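Biologist: I would like to learn how to read the hollows and the surface of a protein model, one feature at a time. Could you take me through them slowly?

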Amino acid sequence: MLNLLRADFYKFKLDKTFLVILVILMGFVMMNTVTYFILRYMELDPALGALIGEMNGKGLFLMSFNLFNNVGLLIPVVLCLFIGKEFTFGTIRNKLITGKSRTEVYLSHLFTVFVMGLLLSAFYAIMSLLVGSVFLGFGTAITGKVIVDTLKIFLFGLILSIFSYTISTFFSFVLKNTTFAIVLSIVTLLVIGIVATTLTGLNATLDKVLGFTVIGQSLAVMSGNVSTIMGLKILLSTVVFCGLITFLGIVHFKHADLK
């Protein structure tokens with residue numbers, strides 16, 4: 001397992017795609033900052049203003065954890081491409097021939113993808129916060145509580161993003177086709193986003209149920225309302241849902257035919 005991880009991380013370090021994506025993410029940061037800068041000086045309809053959120057560094061930071069739009073969809077694409085290369089070039093098949101178990105191969109790629117995804121998400125969130133705050137202001141006075149709350153949002157936002165990385169790994173191993181894996185990963189996240197928009201706020205009971213799912217939790221992170229209880233829900237549901245998806249992925253991969 002350790003040898004697999006070392007090999008996968010070595011390929012990750014050599015992958016120029018990662019550096020290209022960092023540049024693209026920085027482009028998103030600058031574009032969003034300019035957009036917010038322009039919108040701040042426009043007279044917006046109150047409903048539209050509420051939809052956009054706070055047009056400052058804090059607002060950009062919170063929206064950087066949106067799993068269902070823009071960068072939230074771009075990062076899973078990158079992860080699918082990384083795993084897809086392993087199938088395209090027969091690397092995974094070669095690992096199995098050398099005696100590695102299918103469970104080890106799956107988990108090795110999953111952990112590598114976690115690191116890649118978390119680095120990209122963290123970079124995007126930090127740059128959104130820094131660049132947005134420099135040009136738009138943070139949006140509120142910086143106090144000890146604000147710093148702690150921001151760190152909590154950052155931590156639990158990253159933990160929550162693991163869900164999308166797990167989805168990308170699952171589809172990549174189940175379908176063994178990069179294009180199909182990308183399409184289904186994006187469609188799955190888009191559907192979850194639509195469901196979140198549709199169901200949230202309908203009634204208090206439903207909101208409590210959604211609070212135990214990635215739907216309600218992602219909205220809580222983007223709104224900046226991450227209490228200790230919500231943080232525990234994020235940890236618990238991430239372990240449960242990602243564990244279940246990973247289990248199903250491994251079971252399928254164990255019986256899959258590799259050509």
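Modeller: Let us start with the second largest pocket of this predicted model, whose lining is made up, by class, of five nonpolar, five polar and two charged residues.

Biologist: Which residues line the second largest pocket, and what is the volume of this pocket?

Modeller: The volume is about 150 Å³, and the lining consists of Lys 58, Phe 61, Leu 62, Phe 138, Thr 140, Val 146, Asp 149, Thr 150, Ile 153, Ser 223, Gly 224 and Asn 225. If you turn from residues to elements, those that give two or more residues to this lining are helix 4 (57-63) and helix 8, and helix 8 provides the largest share, four residues.

Biologist: How many cavities does a search of the whole structure find, and how does a cavity differ from a pocket?

Modeller: A pocket is an open set of points, whereas in a cavity a 1.4 Å probe fits but cannot get out. Here the search finds three cavities of 30 Å³ or more, and the largest of these has a volume of about 110 Å³. Of the 13 residues that line the largest cavity, Ser 64, Leu 67, Ile 75, Ser 121 and Ser 161 are the closest to its centre.

Biologist: Which elements give two or more residues to the lining of the largest cavity, and how does that lining divide by class?

Modeller: Two or more residues come from each of helix 5 (71-88), helix 7 (102-136) and helix 8 (144-175), with the largest share, four residues, coming from helix 8. By class, this lining holds six nonpolar and seven polar residues, and no charged residues.

Biologist: What lines the second largest cavity?

Modeller: The second largest cavity, with a volume of about 40 Å³, is lined by Asp 15, Thr 17, Phe 18, Val 78, Leu 81, Phe 82, Lys 85 and Met 116. The elements that contribute two or more residues to it are helix 2 (16-40) and helix 5, and the largest share, four residues, belongs to helix 5. Its lining residues divide into five nonpolar, one polar and two charged.

Biologist: Turning to the outside, which residues form a nonpolar patch on the surface?

Modeller: The patch is formed by Leu 236, Val 239, Val 240 and Phe 241, which together have about 370 Å² of accessible area. Take Val 240, which is placed in helix 12 (residues 228-254): its relative accessible area is 46%, so Val 240 is partly exposed, a label given to values between the 20% and 50% cut-offs.

Biologist: My last topic is the backbone angle phi. Which residue in the loop between helix 4 and helix 5 has a positive phi although it is not a glycine?

Modeller: That residue is Asn 70, with a phi of about 45 degrees, and it lies in the loop between helix 4 and helix 5. Asn 70 has a relative accessible area of 44% and is therefore partly exposed.

Biologist: Where is Lys 176 placed, and what is its phi?

Modeller: Lys 176 is in the loop between helix 8 and helix 9 (178-199), and its phi is near 55 degrees, again a positive value in a residue other than glycine. With a relative accessible area of 29%, Lys 176 is partly exposed.

Methods
Residues numbered from 1 in each chain as written. Predicted model: local features only at pLDDT ≥ 70, side-chain atom pairs only at ≥ 80, totals over all residues. Heavy atoms only, no water. 1 Å grid on protein atoms, 1.4 Å probe; cavity = no way out; pocket = protein on both sides within 12 Å on 5 of 7 lines; lining within 4 Å. Points joined across faces, edges and corners; volume = space filled by probe spheres on them. Nonpolar A, V, L, I, M, F, W, Y, C, P; charged D, E, K, R; others polar. Patch = residues over 30% accessible without salt bridge, like charges linked within 9 Å, V, L, I, M, F, W, Y side chains within 5 Å. Areas by Shrake-Rupley, 256 points an atom, 1.4 Å probe, with all protein chains shown as cover. Salt bridge = Lys/Arg side-chain N within 4 Å of Asp/Glu carboxyl O. Buried < 20%, exposed > 50% of the residue type's maximum accessible area, 1.4 Å probe, protein only.
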